[in-house]
Amino acid sequence: MDQKELRQLLQQYKQGQLKEEDVLLKLKEAPYKDLGFARLDTHRALRQGLAEVIYGAGKTALQIETIALAAWNSGQKTILVTRMNKEKEHEIESHQPPFAIHYNEAAQAAVFGEVPVPDGLGTIVVATGGTSDQNVAEEAVLTAQAFGNETIRLYDVGVAGLHRLLSSLDVLMSANVVIAIAGMEGALASVVGGLVDCPVIAVPTSVGYGASFHGVSALLSMLNSCASGVSVVNIDNGFGAAYQASMINHPKYDRENRK
């Protein structure tokens, strides 16, 4: 149950369409489903506005499918699965589940069920320093789309060729949130932060040569950004950046009254 469904339930009770016992029974349903190897948080959307996401790394295809089916049967019609390889996706699809599978191989992630129509306030721009950052960027894009956001890709606009970024100023300045993704020295976030009037979420990537320390160099550069309005998530965490961006693009009053 999410916040919208709870409001509908209460409205039906007020209009006499449901008995008090029916409402109490619905509310008494366990806030999680015990699957033995996992406990699905079925009240996540009610508490936070967004349903639980399945982290696929370290899980078997059968475990992912079992969790997804439990979520689907609980009424969750958009199920995001991150860090899931193509082999696991193939195995799940071969079982012909009741939901469609929208798999993004670059992101190593999928949406089971419906990809919602964008209903946020504006657009989320996902910008990368280079093409090598694309896998992290695609995880951010798919996550943002799964949460009902209009997204624009702006790839390979790093500071090594600053004119590429400056030629897209109209796109950047139309954004409600910008996710700036870069490895190497991670300078893209500071440059973008000095150009736009919206929040910038910086994502350091593990792209780079030896002294980049698998993304630590970019992480420290982004944390030390002199541009105001830049926040930083963990290395390669496109999902975390998009989750935060979606919350910005859906203010609380809007999330509680989404249609």
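Begin by selecting D236, which is buried at a relative accessible area of 19%. The value falls just inside the class, because buried means under 20% relative accessible area. The model on display is a predicted one. D236 belongs to the loop that connects β11 (230–232) with α11 (238–249). Its backbone deserves inspection: phi of D236 is near 65°, a positive value in a residue other than glycine. Most residues other than glycine have a negative phi.

Next, select D156, a second aspartate with a positive phi, in this case near 60°. D156 sits in the loop between β8 (150–154) and α7 (162–166). Is D156 buried or partly exposed? With a relative accessible area of 30%, D156 is partly exposed.

**Strand β9 and its partners**

Select residues 175–182, which make up strand β9. How many of the eight residues in β9 are buried? Seven of them are, and the strand is thus mostly covered.

Add residues 123–128, strand β7, to the selection; β7 and β9 are paired in the parallel sense through six bridges. To see this pairing at the level of residues, display T123, which stands opposite A175 of β9.

Now add strand β10, residues 200–204, which runs parallel to β9 and is joined to it by five bridges. Here the residues to display are I181 and, opposite it in β10, V203.

Helix α9, residues 188–193, should be shown together with these last two strands. β9, α9 and β10 together make a β-α-β unit, and the unit is right-handed.

**A sheet of four strands**

Move to the open sheet whose four strands follow the order β3-β4-β6-β5, with mixed pairing. The edges are held by β3 (54–55) and β5 (101–104); each has a single partner strand, so one side of each is left without a neighbour in the sheet.

At the β3 edge, select strand β4 as well, residues 78–82. The pairing of β3 with β4 is parallel and comprises two bridges. Which residue of β4 is the bridge partner of Y55? The partner is T82.

**The cysteines**

Select C198 and C226 and display their sulfur atoms. How many disulfides does a search of the whole structure find? The search returns zero. A disulfide is a covalent bond between the sulfur atoms of two cysteines. The cut-off applied to such a pair is 2.5 Å between the sulfur atoms. For C198, the closest cysteine sulfur is that of C226, at 17 Å, and a bond is therefore ruled out by distance. Starting from C226, the closest cysteine sulfur is that of C198, again at 17 Å and too far for a bond.

The surroundings of these two residues can be compared by colouring on accessibility. C198 counts as buried, at 11% relative accessibility, whereas C226 counts as exposed, at 77%.

**A nonpolar surface patch**

For the final stop, switch to a surface representation and select F213, V216, L220 and L223. These residues form a nonpolar patch on the surface, and their combined accessible area is about 390 Å². Within the patch, select L220, which lies in helix α10, residues 216–223. What is the relative accessible area of L220? The value is 46%, and L220 is accordingly classed as partly exposed.

Note on methods:
Residues numbered from 1 in each chain as written. Predicted model: local features only at pLDDT ≥ 70, side-chain atom pairs only at ≥ 80, totals over all residues. Heavy atoms only, no water. Patch = residues over 30% accessible without salt bridge, like charges linked within 9 Å, V, L, I, M, F, W, Y side chains within 5 Å. Areas by Shrake-Rupley, 256 points an atom, 1.4 Å probe, with all protein chains shown as cover. Salt bridge = Lys/Arg side-chain N within 4 Å of Asp/Glu carboxyl O. Buried < 20%, exposed > 50% of the residue type's maximum accessible area, 1.4 Å probe, protein only. Pairing = 2+ DSSP bridges. Right-handed = clockwise from strand over helix to strand, strands pointing away.
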